[in-house]
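Visitor: I would like a close look at a single part of this protein, taken slowly. Please pick one helix, go through it, and then set it in its surroundings.

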Amino acid sequence: MGAIIQNLRQSFRLSYGQKLFLLASVPLILACAAIALLVAFQSRMLAEREIRQLENELLEAKKQELRNYVTQARNGFYFIYGAAAPDDDEAKTQVAQILAAMIYGEDGSFFVYDYDGTNLVSPRRTDMIGRNWSGLTDSAGTPIVDPMIKIARQGSGYLSFLWPKPSTGEEAEMIAFVLGFQDWQWAVGTGVWIDDVLATVSASRAEVQARIRRTFLYIGGITLGALLVVFFSGLAMNLRERRLADAKLKELTQRVFDAQEDERRRVARELHDGISQILVGVKYALDITKRRLAQEDPRAMDTLERGHEALTGAIQEVRRISRDLRPGVLDDLGLGPALKALIDDFEARTGIETTLETVVFRNRVDQEGRIALYRIAQEALTNIERHSGATEVTLDLRGHRRGATLRIEDNGHGIDPDKVRGQRGIGLRNMQERMDQLGGHLRILSSRSGTVIEAQIPLSHLLPPEEGASTSRPKASA
């Protein structure tokens, strides 16, 4: 089970390029989504406000049309109504006939109810004439006749309800204008269906929805285009970085090969110029000693002594070469004693006064840190010997809260400013690369009065006190 979970984790583990793409694309997607939602919300709110305004304008136009119809109808029979008494049945009949004849359009007509709810005029629905319709409601339960009578008693007003259209027989929403004839206690009015208004409003809402969908599609297309730009830009950058990395890797590999060849050349030269010549001298001394012993020459002991001294020198030379390649004291006693042995040999070889100041902290630098700091010290001393012209060198090694720092200071004539600013030689470049590999820092300060090299390794390369104590010998330091 654990293996399956581990395999799943390995399958879903993202590469650096994928993480970079997600880091660039996820905020872009979220931002575009937020913009799309905000635009849709604002568009919907604005469109809804405009639609309501359009609906109100259309309804107001319908209401004004109704008012005009009723006003024109009243003007047509007002000369009868104005001169008639409240109980003038003949005048009422004339007015009712006039209203019944006022049929307009495909569905328009006038209706009349008395205040008791009895229908007096209904040219489109003659079956309703003469019957009391008090309490009548539409299919939605909205009262019709009673509110009309109430509006008429108050003077005039509008009422909305559902009513069948004569032309289709289907129920649709109607707006009616009702006017009260108080002397006769009549509610006179007419109505228009507003299904065309509702259709216009519905079409407007559908257009808004389509516009919002198009906006979403546009934003989605822009987002997709941006993602493609990010993807291909990242791909191009990745390919470019990979080419640069390959070039740097080739350059680094070549430099490693060159360093190996230089080291082999140096070791070969030292073997040839040093040990080989010494051993040849020992061979000649032994040959001479052999001949003199055969001749019983008393000088045989002198040549034997010279051969012995030469052989001792060869042993010391082998030890020196071995120490330069990999000092055993670095592994056995720690960084401090290894640096002490290094500067003793340096001082004996060059005559440059060299001192080492160190704070003993129980061999707490790990293996990688020891090697890096030792090689930096070795490289720095080599540069001092070859190029600086210094007479005094000081090495300072100490630990602190941020890690450990090796400081190398000389009183020579300094380093070429171009090399300090970036055009560094192989030695300085090797120092910098060792620090970069450990996550440390290398600082070089140079002037005509001398040079200071500071190499600092982070705290992660210092072992815990108990671990450092357990892996060191009693007199180990650094």
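Guide: What follows is a walk along helix H5, then to the elements that come before it in the chain, and last to some salt bridges elsewhere.

The model is predicted. Its protein chain contains twelve helices and ten strands. Helix H5 spans residues 195–294.

Start with a pair of charged side chains in that helix. Arg 211 and Glu 207 form a salt bridge, with 3.9 Å from N to O. The two residues are four apart in helix H5, so about one helical turn separates them. Neither side chain is classed as buried: Arg 211 is partly exposed, with a relative accessible area of 36%, and Glu 207 is partly exposed too, at 47%.

Further along comes a stretch with a record attached. An unreviewed UniProt entry annotates residues 215–237 as "transmembrane region", and it gives residues 20–41 the same label. In the model, residues 215–237 are 100% helix and 0% strand. The C-alpha atoms at the two ends of this stretch are 32 Å apart.

Which residues form a nonpolar patch on the surface? They are Leu 224, Leu 228, Phe 231, Phe 232, Leu 235 and Leu 239. Together they have about 560 Å² of accessible area. Phe 231, one of these residues, lies in helix H5. Phe 231 has a relative accessible area of 39% and is therefore partly exposed, since the partly exposed class runs between the buried limit of 20% and the exposed limit of 50%. For the chain as a whole, about 28,900 Å² is exposed, and carbon and sulfur atoms supply 56% of that area.

Now step back to helix H4, residues 145–154. What is buried in this helix? Val 145, Met 148, Ile 149, Ile 151 and Ala 152 are. Viewed down the axis of H4, these buried residues fall within an arc of 160 degrees, so they line one face of the helix. On the face turned away from that buried side are the exposed residues Lys 150 and Gln 154. The cover over the buried residues of H4 includes strand S1 (110–114), strand S3 (156–164), strand S4 (171–181) and strand S5 (186–193). After H4 comes Gly 155, which has a positive phi near 130 degrees.

Two of those covering strands are joined by a loop that deserves a note. Gln 185 sits in the loop between S4 and S5. Its phi is positive, about 60 degrees, although Gln 185 is not a glycine. With a relative accessible area of 43%, Gln 185 counts as partly exposed.

The salt bridge in H5 can be set beside others. The structure holds eleven salt bridges. One of similar spacing is found in helix H8, residues 335–350, where Lys 340 and Asp 344 are four residues apart, about one turn of the helix. Their side chains meet at 3.0 Å, N to O. Lys 340 is partly exposed at 39% relative accessible area, and Asp 344 is partly exposed at 35%.

Another salt bridge joins Glu 409 to Arg 407, with 3.6 Å between the closest N and O atoms. Glu 409 is partly exposed at 35%, and Arg 407 is partly exposed at 28%. These two residues belong to a network of salt bridges that links Arg 407, Glu 409, Arg 443 and Glu 454.

A last stop is strand S9, residues 441–447, which holds Leu 445. Leu 445 has a relative accessible area of 43% and is partly exposed. Apart from neighbours within four places in sequence, Leu 445 is in contact with Gly 450, Thr 451 and Val 452. Gly 414 is 31 residues from Leu 445 in sequence, and their C-alpha atoms are 8.8 Å apart in space.

Two figures for the whole chain close the account. Of its 478 residues, 34% are buried. Among contacts with a separation of 6 or more, 61% come from residues 24 or more positions apart.

Notes
Residues numbered from 1 in each chain as written. Predicted model: local features only at pLDDT ≥ 70, side-chain atom pairs only at ≥ 80, totals over all residues. Heavy atoms only, no water. Patch = residues over 30% accessible without salt bridge, like charges linked within 9 Å, V, L, I, M, F, W, Y side chains within 5 Å. Areas by Shrake-Rupley, 256 points an atom, 1.4 Å probe, with all protein chains shown as cover. Salt bridge = Lys/Arg side-chain N within 4 Å of Asp/Glu carboxyl O. Buried < 20%, exposed > 50% of the residue type's maximum accessible area, 1.4 Å probe, protein only. UniProt positions renumbered as here; feature names shortened; annotations may be inferred. Arc of directions from axis to C-beta. Contact = heavy atoms within 4.5 Å.
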